[in-house]
Amino acid sequence: MPDRTASSVVKALDVLEKKYGRRKFRRTFKTITCDNGSEFADCQGMEHTRYGRGPRTKIYYCHPYSAYERGSNENANGLIRRFFPKGTDFSKVTKKAVRQVQDWMNQYPRKILGWKSAEDMMSIFMSSA
């Protein structure tokens, strides 16, 4: 996303929904849990599809200062911090470096997934639809 605005978040969801199709998007992103950052302020825009009628997902907001309500997100943040410590100026981080960490994370085997990676699970999921 070009910035951390609510309109950029909605546009990113629009792009994903268009890429995967409405049905597959709804199966993949049944719910989205986010914090109370201003980039998540457009709840209606995030929930409602641009490609038909009705909702595309359901948005839930965590309570302030309740990181435990976003356990998977906090775990992902911990993995990211292995490469980019807290306080990293991301304006100085290359897209290539971000892509390398993203690829590493998506290929990292996880106990909760039966020691498969997120990439493996997404491939299985997408081929089953």
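Select Phe83, Trp104 and Tyr108: these three residues form one aromatic cluster. The model on display is a predicted one. Within the cluster, how exposed are Trp104 and Tyr108? Trp104 has a relative accessible area of 29% and is therefore partly exposed. Tyr108, at 27% relative accessibility, likewise counts as partly exposed.

Next, widen the selection to the aromatic pairs, of which the structure holds four. One of them joins Phe84 and Phe90, whose ring centres are 5.3 Å apart and whose planes meet at 65°, so the pair is edge-to-face. An angle over 60 degrees is what places a pair in that class. Is Phe84 buried or exposed? Phe84 is buried, because its relative accessibility is 10%, under the cut-off of 20%. Phe90 is partly exposed, with a relative accessible area of 40%. Now return to Trp104 and Tyr108, which form a tilted aromatic pair with 4.8 Å from centre to centre and 45° between the planes.

Hide the side chains and display the chain as a cartoon. Six helices and two strands make up the secondary structure. Followed along the sequence, the elements appear in the pattern α-α-β-α-β-α-α-α. The C-alpha trace spans about 40 × 35 × 30 Å along its principal axes. Colouring by accessibility is a useful next step: of the 129 residues of the chain, 23% count as buried. A contact map adds a further view, in which residues 24 or more positions apart account for 58% of the contacts with a separation of 6 or more.

Turn now to the open space in the model. Rolling a probe the size of a water molecule over the atoms shows where empty space is left. What is the volume of the largest pocket? The volume of the largest pocket is about 3200 Å³. Select its lining, which comprises 49 residues; Asn73, Ala76, Ile80, Met105 and Asn106 lie nearest the centre of the pocket. To see which elements contribute, colour α1 (6-20), β1 (31-34), α4 (71-81), α5 (95-107) and α6 (118-128), each of which supplies at least two residues of the lining. Colouring the lining by residue class then gives 26 nonpolar, 11 polar and 12 charged residues.

From the pocket, move to Glu47, which is found in helix α3 (residues 43-47). Glu47 counts as buried because its relative accessibility is 12%, and the limit for that class is 20%. Which backbone atom does the side chain of Glu47 reach? The side chain of Glu47 reaches the backbone nitrogen of Ile59, at 2.9 Å. Show the surroundings as well: apart from neighbours within four places in sequence, Glu47 is in contact with Pro55, Arg56, Thr57, Lys58 and Ile59.

Keep Arg56, one of the residues in contact with Glu47, on display and add Arg23. Arg23 is found in helix α2 (residues 22-28). With a relative accessible area of 67%, Arg23 is exposed, as the class begins over 50%. How far apart are Arg23 and Arg56 in sequence and in space? The two residues are 33 positions apart in sequence, and their C-alpha atoms are 8.6 Å apart in space.

Conventions:
Residues numbered from 1 in each chain as written. Predicted model: local features only at pLDDT ≥ 70, side-chain atom pairs only at ≥ 80, totals over all residues. Heavy atoms only, no water. 1 Å grid on protein atoms, 1.4 Å probe; cavity = no way out; pocket = protein on both sides within 12 Å on 5 of 7 lines; lining within 4 Å. Points joined across faces, edges and corners; volume = space filled by probe spheres on them. Helix = DSSP H or I, 4+ residues; strand = E, 2+ residues; numbered from the N terminus. Nonpolar A, V, L, I, M, F, W, Y, C, P; charged D, E, K, R; others polar. Buried < 20%, exposed > 50% of the residue type's maximum accessible area, 1.4 Å probe, protein only. Polar contact = N/O pair within 3.5 Å; in protein donor to acceptor, adjacent residues only side chain to side chain. Contact = heavy atoms within 4.5 Å. Phe/Tyr/Trp six-rings, centres within 6.5 Å; stacked < 30°, edge-to-face > 60°.
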